[in-house]
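Trainee: Could you take me through one part of this model closely, namely the surroundings of the ligand, and then place that part in the wider fold?

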Amino acid sequence: MSEKAIICVDDHENILNSIGEQLKRAFGDEYIIELASSGRETIELFADLIAEEVEIPLIISDQNMEAISGDKLLIQLHDLYPQTLKILLTGQTDAEVIRNLVNVSALYRYLAKPWDETDLILTVTEALRCYDQNQQLKAQNELLLETNQKLAESLTLLVATLEATADGILVINNRGQVIRCNQKLLNLWGIAESVSSTKDYDQIIDLALQQVAKPYTCNLERQETASNYHNYSLLELKNGKILECYYQTQQIQDLSISTVWSFRDVTAKQQAEQTIKHQAFHDALTGLANRSLFDRKLALELSKSEQSQSKLAVLFLDLDHFKNINDTLGHAVGDLLLQAVVKRLLYGVREGDMIARWGGDEFTLLLLHIESLQEATAITQRILQALQSPFDLEGYHLHVTSSIGIAIYPDHGTDSDTLLKNADAALYKAKDRGRNNYQHYNQTLNSQGEKILKLENKLGYALKNQEFTLYYQPIVDVTTGTITKMEALLRWRHPKLGLISPNIFIPLAEENGLIVPIGEWVLEQACLQNKYWQQIRVTPLKIAVNLSPRQFQESDLIDKIINILQTTGLPTSCLELEITETLTIDNCQIAKNVLTKFKEMGISLAMDDFGTGYSSLSYLKQFPFSTLKIDRSFINNLLGDPEDQAIIKAMISLGQGLGISIVAEGVETKEVQDFLQSLGCRYMQGYYFSRPVAAESATQMLQNKALLRAD
Ligand code: C2E
Ligand code: CA
Ligand code: CA
């Protein structure tokens with residue numbers, strides 16, 4: 001606590017001392033009593049004391065002094081030290097002077113000379129109390145001022161924060177009136193400036209409520225809840241925005257704030273989450289469900305079927321020769337084809353069924369509420385049918401077939417894994433049966449396909465181990481009933497799995513390159529066989545050997561063939577190479593050169609599986625083919641399908657025009673033979689004449705014409 005002083009000033013020494021004595025007696029304990037004999041001395045005294053941080057609550061001044069009168073002194077001091085209380089001591093009372101002093105220097109009191117001591121002490125006591133009160137009040141004022149300033153600062157900060165936040169904020173009091181909202185809130189809800197400037201918050205809330213599109217869990221209406229609680233929810237607005245809203249109800253009595261709402265635009269975040277979720281369960285290319293989603297759905301439907309005792313079907317579908325298209329026309333076309341295929345698949349199934357992309361060109365289908373195996377079969381046939389007509393993509397005319405395996409719950413399995421495994425096994429059977437067909441699972445079908453996949457790397461071993469063998473199927477001139485060619489068809493006689501179809505292992509061999517040595521072995525074997533047949537026959541016979549496009553990638557293909565022909569001694573005119581049209585499109589110029597070379601050597605060339613590829617008929621003219629083999633997928637349903645009939649008619653007349661002989665593959669019945677013959681088709685191949693058979697049987701067939709059913 002600082003010291004305090006009372007100053008007395010009078011130019012009469014006696015008077016000054018007397019006052020001093022009296023004051024010291026009364027206040028000496030608490031106050032320093034300072035005496036001054038002139039105005040100037042007083043001013044200096046003030047300055048000194050203040051410099052020493054002494055407080056001066058009171059000055060008592062004589063009025064009549066020589067150099068400077070009391071009233072002037074007090075006015076001067078008031079300017080410098082306004083808080084010091086002033087008492088004037090005067091002999092003659094001049095009312096004018098006093099009034100002036102009261103006005104100008106806030107004179108506290110005046111005392112007449114001579115004074116009564118008690119009067120003086122009381123007046124001074126009162127003045128000192130007044131001073132103390134003033135000081136307290138001043139301190140309080142300062143504090144208040146400071147607090148106010150701080151409050152104003154935090155309010156500015158609060159408003160700035162409110163406006164700077166990413167959220168839309170709405171503050172409602174406990175009477176349900178909106179106290180405040182920020183600009184973000186208006187933006188989020190699309191509330192016009194004009195509305196917000198009216199500060200009619202009821203209207204704001206009404207407008208906001210009109211924007212809500214989806215039923216929402218958060219209650220925007222006024223709340224009269226007492227307890228403090230908070231909640232969170234999402235709302236969707238009519239403009240598509242998704243808002244995350246969070247509200248906290250508080251009971252702050254004094255401020256009467258009830259609820260603070262904050263709204264955040266989470267549209268982008270929600271969309272991203274949706275996308276991620278979708279991506280996790282869908283295939284990006286086709287938009288179909290992926291494996292995970294299919295698995296989930298299957299598990300769910302199985303438990304439902306178990307309860308309702310209904311059947312369902314799981315289908316495994318694989319596009320035949322898809323890899324060829326991808327490899328030769330590029331992935332972009334492959335992708336387009338997959339998308340187009342999916343469109344047709346979706347068209348083929350019923351509402352509620354599911355199609356998933358299992359990977360690559362493999363799809364799984366889930367058919368619900370199947371009454372019987374027949375019903376599943378009918379849908380499957382519809383799907384095969386839907387894929388039958390060609391796809392026009394990027395200027396290519398693509399013909400696609402597929403193989404489908406079917407497993408039924410509960411007949412072929414009661415859990416997902418078994419059903420999928422069995423549908424897969426059935427798919428392999430379908431491929432084994434020559435593709436473009438479907439098969440049901442049955443008990444005897446062990447999952448051969450699965451095992452074969454595991455055996456992929458044993459293919460090389462199969463070659464060394466002489467597990468391959470060639471079968472031969474005649475190509476017949478139906479006008480004479482004679483065999484004009486034999487097609488060599490490869491078989492893998494696996495020690496454990498038995499005879500495996502080339503439809504299954506050739507794609508594997510093409511993938512790992514083993515088709516090159518295997519193909520070489522086939523050529524040599526076939527040439528040897530035909531050399532033998534030349535010796536026992538009068539009329540020369542052509543041996544037709546299938547070449548994989550992969551073999552054309554080997555630069556020494558021609559040399560190898562020359563070499564084989566030389567070592568086996570087979571005339572070049574007795575060899576025909578069957579090539580699928582994919583080859584001619586892929587690397588067209590190289591293919592043209594190689595094929596021309598073959599032609600020059602005297603080897604004939606057949607275009608295999610014609611119609612399943614994508615080259616136009618006129619495209620053919622560029623290549624030196626002497627034979628065109630119409631794919632058996634056209635022949636299969638020929639009798640019931642006017643479209644296929646038209647295609648075949650066109651092919652036959654084209655062949656005649658170009659001087660190319662036409663072979664119809666896959667002739668299975670007399671009716672088909674007759675029909676084709678009526679169209680002018682001369683050469684045919686198919687089970688109706690003979691299945692592919694082992695070499696000895698083929699030899700017998702060649703020796704015994706009667707075996708052939710041709711006219
Ligand atoms: P591909 O060249 O179209 O051979 C004809 C296929 O049709 C043979 O199947 C044959 O058994 C079958 N087939 C013949 N007549 C009929 C019939 O009346 N009805 C039905 N449904 N099918 C008939 P395979 O022997 O299973 O051969 C399948 C495919 O494997 C061949 O189709 C060919 O692309 C390929 N392939 C076979 N051997 C070789 C080979 O040595 N090298 C190469 N690169 N591919 C081969
Ligand atoms: Ca062939
Ligand atoms: Ca063929």
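Mentor: The model is a predicted one, and I will begin with the polar contacts of the ligand before turning to the shell as a whole. An N or O atom in the side chain of Asp 609 is 3.2 Å from an oxygen atom of ligand 1, and another such approach is made by Asn 546, which has a polar side-chain atom 3.2 Å from an oxygen atom of the ligand. With Leu 490 it is the backbone that takes part, since a polar backbone atom of this residue is 3.1 Å from a nitrogen atom of ligand 1. On its own, ligand 1 has 790 Å² of accessible area, and the protein covers 90% of that area.

The shell that provides this surrounding consists of 23 residues, of which the closest are Gln 473, Arg 491, Asp 608, Glu 668 and Tyr 687. Sorted by class, these shell residues are 9 nonpolar, 7 polar and 7 charged. Three elements each supply at least two residues of the shell, namely strand S19, which spans 482-494, helix H17, which spans 502-512, and strand S23, which spans 604-610. The largest share comes from S19, with 4 residues.

Turning to the wider fold, one helix pairing deserves the same attention. Helix H10, residues 291-308, packs on helix H14, residues 416-432, with the two axes 10 Å apart and an angle of about 115° between them. Angles of 65 to 115 degrees count as roughly perpendicular, and H10 and H14 are therefore described as roughly perpendicular to each other. From H10, the residues that take part are Phe 294, Asp 295, Leu 298, Ala 299 and Leu 302, and they meet Ser 416, Leu 419 and Leu 420 of H14. By class, this contact has 6 nonpolar, 1 polar and 1 charged residues.

The loop that leads into H14 from strand S16, residues 402-409, contains Pro 410, and the peptide bond that joins Tyr 409 to this proline is cis, with omega of about 5°. A cis peptide bond also joins Lys 113 and Pro 114, where omega is about -10°, and Pro 114 lies in the loop between strand S5, residues 109-112, and helix H5, residues 117-164. On the other side of S5, the loop between helix H4, residues 95-105, and that strand holds Ala 106, a residue that is not a glycine and yet has a positive phi of about 55°.

Methods:
Residues numbered from 1 in each chain as written. Chains lettered and ligands numbered in written order. Predicted model: local features only at pLDDT ≥ 70, side-chain atom pairs only at ≥ 80, totals over all residues. Heavy atoms only, no water. Near = heavy atom within 4 Å. Polar contact = N/O pair within 3.5 Å; in protein donor to acceptor, adjacent residues only side chain to side chain. Areas by Shrake-Rupley, 256 points an atom, 1.4 Å probe, with all protein chains shown as cover. Nonpolar A, V, L, I, M, F, W, Y, C, P; charged D, E, K, R; others polar. Axes fitted to C-alpha atoms, helices over the stretch in contact; angles between N-to-C directions. Parallel < 35°, antiparallel > 145°, perpendicular 65-115°, else oblique. Contact = heavy atoms within 4.5 Å.
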